[in-house]
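Visitor: Could you walk me through this protein? I'd like to go through it one question at a time.

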Amino acid sequence: MSAEEVSNQLVAFDWELFSCVHEVEFVCYVFHGEQARWRPLNLELVLQRCSEVQHWVATEILQCQSLPKRVQLLRKFIKIAALCKQQQDLLSFLAVVLGLDNPAVSRLRLTWEGLPGKFKKQFQQFESTVDPSRNHKSYRDLISSLRPPVIPFTPLLLKDLTFLHESCKTFHGDLVNFEKMHKVAEMVRTIRRYRSTPLALDSEPSPSHLQTKAYVRQLQVIDNQNLLFNMSCKLEPKDV
């Protein structure tokens, strides 16, 4: 499966998941949590997907026993991240980058040393986008420069909404804090704006389209960090 095929299917599936999330689910998730009358299941699927993609990247690399093939796979994931970013899917873009930044992957010195300089430089640029310093300024600059359709990095949306909720009281005595409600409404409008234009994938389906689609929608991952780290140490022992 080519990087183009995989990235197209990642973007298509992310858009499908994100489009199913009602804006109220974001508010319900933050404001009511486990006390909510109903669970924001669609939003939970998006969050689960984000974690799944991160672990998928680490799993695929750490299951690759051959060093040359591992370097090739590393290049492929960096290319997938670039293509997701190009198609404005920041959910999978950041998830792939965070997967490559997993300590079990980032410690593979021989693997990273085999990466061509062009890819190393590109990945460093991606890492700067993920950098949380100055309140995720690099990411915020990026997403503010994009026009819809956009698939945002949902965990950061929830972080912003959580900060707003916890830093401002909903009521002042018996009075509603309308300033807080206006800010929440603005965030909801932003989410709505991201998907105000339908997503259109450019490429024509390839013969292996259905196979790639099935693979991307049913990722087999190892989400145990201790196990991933042990696999990493077997590939490249600490004294290498």
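Visitor: What distance separates the end C-alpha atoms of helix α4 (residues 67-86)?

Guide: Happy to help! This is a predicted model, where local features need pLDDT of at least 70, side-chain atom pairs count only at pLDDT 80 or more, and totals for chains, interfaces and linings use all residues. Residues are numbered from 1 along each chain as its sequence is written, and side-chain values use heavy atoms, leaving out hydrogens and water. Helices (DSSP runs of H or I, at least four residues) are numbered from the N terminus. The expected span is 1.5 Å times one less than the number of residues, so the 20 residues of α4 should cover 28 Å, which agrees with the computed 29 Å.

Visitor: Which helices do the buried residues of α4 pack against?

Guide: Buried means under 20% relative accessible area with a 1.4 Å probe, protein chains only. In α4 the buried residues include Arg70, Leu74, Phe77 and Cys84. Counting contacts as heavy atoms within 4.5 Å, their partners are α1 (3-19), α3 (41-62), α5 (90-100), α7 (109-113), α8 (117-130) and α13 (225-235).

Visitor: Which residue just after α4 takes a positive phi?

Guide: Look just past the end of α4. The phi there is about 65 degrees, and the residue is Gln88.

Visitor: What is the radius of gyration of the protein?

Guide: The protein has 13 helices and two strands (E runs of at least two). The globule rule, 2.2 Å times the number of residues to the power 0.38, is compared with a radius over C-alpha atoms. For 240 residues the rule gives 18 Å, so the protein is as compact as a globular protein of that length, at 20 Å.

Terms used. Buried means under 20% relative accessible area, exposed over 50%, partly exposed in between (1.4 Å probe, protein chains only).
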